[in-house]
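Here are some exercises to help you find your way around a new structure. Try each task yourself before you read its solution.

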Amino acid sequence: MLTIAKQVPQKSIFKEAENYKKWLDRIEFTATVFSIVNTIVCYWLQYPNLIQIIISGIILLFTTGIFYLQRRFEAIYRQAEEIRRDGLIDNSFNTTLANIESQEYYDTESVDSGIKKLLANIHENSFYSEQIVAYMFKRTEQKIIFVFILLIIMAIISSVTSQVFSAILQSFLSINYLGSYLKLRDLKLKLEQIQHNCKSIASNIKTLKTKTIPKKQQAIIIREVIHYETALAYTSTMLDSKFYNKINAKATGEWKEMQNRYY
């Protein structure tokens, strides 16, 4: 996963998924601010019926829009992940499953094609993913928890003041924020474990007196591949490119050292 890759099979569809995610984040933020301001104002003022109807309509639009964008993002993201997996297999085994060959996306060209290269690629993927997720988690943890608590409080106030639609939207948003937090935390822990396992497997392979990797070791490698892929699939979390740019220089140096040590 180099700084600049010449060709990436999943690039265009990942970009589409990223665009959906940006719109989703914008609408969630706008809906959060709108619902909080509306709750505070309604606590002190009594809106005329017409204004209440308009606000209820806006809230319904926000809820519908968020729900739609979430479904679209997840669908496009999963398509991108399928293409990425084809590219992973192509690079590892020198096959042609993906329509576009990945060039300089993986930094494992010195490793011979085969099961060992698959391990190296998953090790590299999990290393960079874990670095990005850890940085994302560190930067967003307190903000997510604060917004979650604030929305819960607002939902309670909305319920007391009979703002049913506001309470529903705030409950929906708070669940989304909490879900994002829990997904990010779980993904971070799983990636840390996969990295630990990859190091252990690579160390054991280095002690072999033959270049042929035993079937048991091959099975263990495939299990880690499945662990990595299912971790990404279950969370459907887009790794932010801004955070990748923040950690890339340091992470690249660390990966080079690990690659030389284990592969």
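**Exercise 1. Find the order of the elements along the protein chain, from the N terminus on.**

Solution. Start at the N terminus of this predicted model and read along: the elements run α-α-α-α-α-α. Now count by type: the protein chain has six helices and zero strands.

**Exercise 2. Describe the overall extent of the protein chain and how much of it is buried.**

Solution. Begin with the box that the C-alpha atoms fill along the principal axes, which is roughly 80 × 35 × 30 Å. Next, turn to burial: 45% of the 263 residues count as buried. Then look at the outside, where the accessible surface comes to about 14800 Å². Carbon and sulfur atoms account for 60% of that surface.

**Exercise 3. Work out what share of the contacts between residues at least 6 apart in sequence join residues at least 24 apart.**

Solution. Take the contacts in the protein chain between residues at least 6 apart in sequence. Of these, 80% join residues at least 24 apart.

**Exercise 4. Explain why the pair of Y128 and Y244 ties together separate parts of the sequence.**

Solution. A search of the whole structure finds ten aromatic pairs. One of them joins Y128 and Y244, with 6.4 Å centre to centre and 50° between the planes, so it counts as tilted, since that angle is neither under 30 degrees nor over 60. Now place the two residues: Y128 lies in helix α3 (residues 115-160) and Y244 in helix α6 (residues 241-262), so the pair ties together parts that are 116 residues apart in sequence.

Are these two residues buried or exposed? Buried means under 20% relative accessible area. Y128 has 1% relative accessibility, so Y128 counts as buried. Y244 has 13%, so Y244 counts as buried too.

Move on to W255 and Y263, another tilted aromatic pair, with 6.4 Å centre to centre and 40° between the planes. Both W255 and Y263 are buried. To finish, put the residues together: F127, Y128, Y244, W255 and Y263 form one aromatic cluster.

**Exercise 5. Locate the charges: how far apart are the mean positions of the positive and negative ones, and over which rings do R26 and R71 sit?**

Solution. First take the protein chain as a whole: the mean positions of its 32 positive and 24 negative charges are 3 Å apart. Then go to single residues. The ring of W23 has the charged end of R26 over it, 5.0 Å from the ring centre. For R71, the charged end sits over the ring of F67, 4.8 Å from its centre.

Technical notes:
Residues are numbered from 1 along each chain as its sequence is written. This is a predicted model: local features need pLDDT of at least 70, side-chain atom pairs count only at pLDDT 80 or more; totals for chains, interfaces and linings use all residues. Side-chain values use heavy atoms; hydrogens and water are left out. Helices (H or I, at least four residues) and strands (E, at least two) are DSSP runs, numbered from the N terminus. Buried means under 20% relative accessible area, exposed over 50%, partly exposed in between (1.4 Å probe, protein chains only). Contact means heavy atoms within 4.5 Å. Accessible areas come from the Shrake-Rupley method with a 1.4 Å probe; for residues, only the protein chains shown count as cover. Lys and Arg count as positive and Asp and Glu as negative; His and the chain ends are not counted. The place of a charge is taken as NZ of Lys, CZ of Arg, CG of Asp or CD of Glu. Rings of Phe, Tyr and Trp (its six-membered ring) pair if their centres lie within 6.5 Å; planes under 30 degrees apart count as stacked, over 60 as edge-to-face and the rest as tilted. A charge sits over a ring if NZ of Lys or CZ of Arg is within 6 Å of the ring centre and within 35 degrees of the ring normal.
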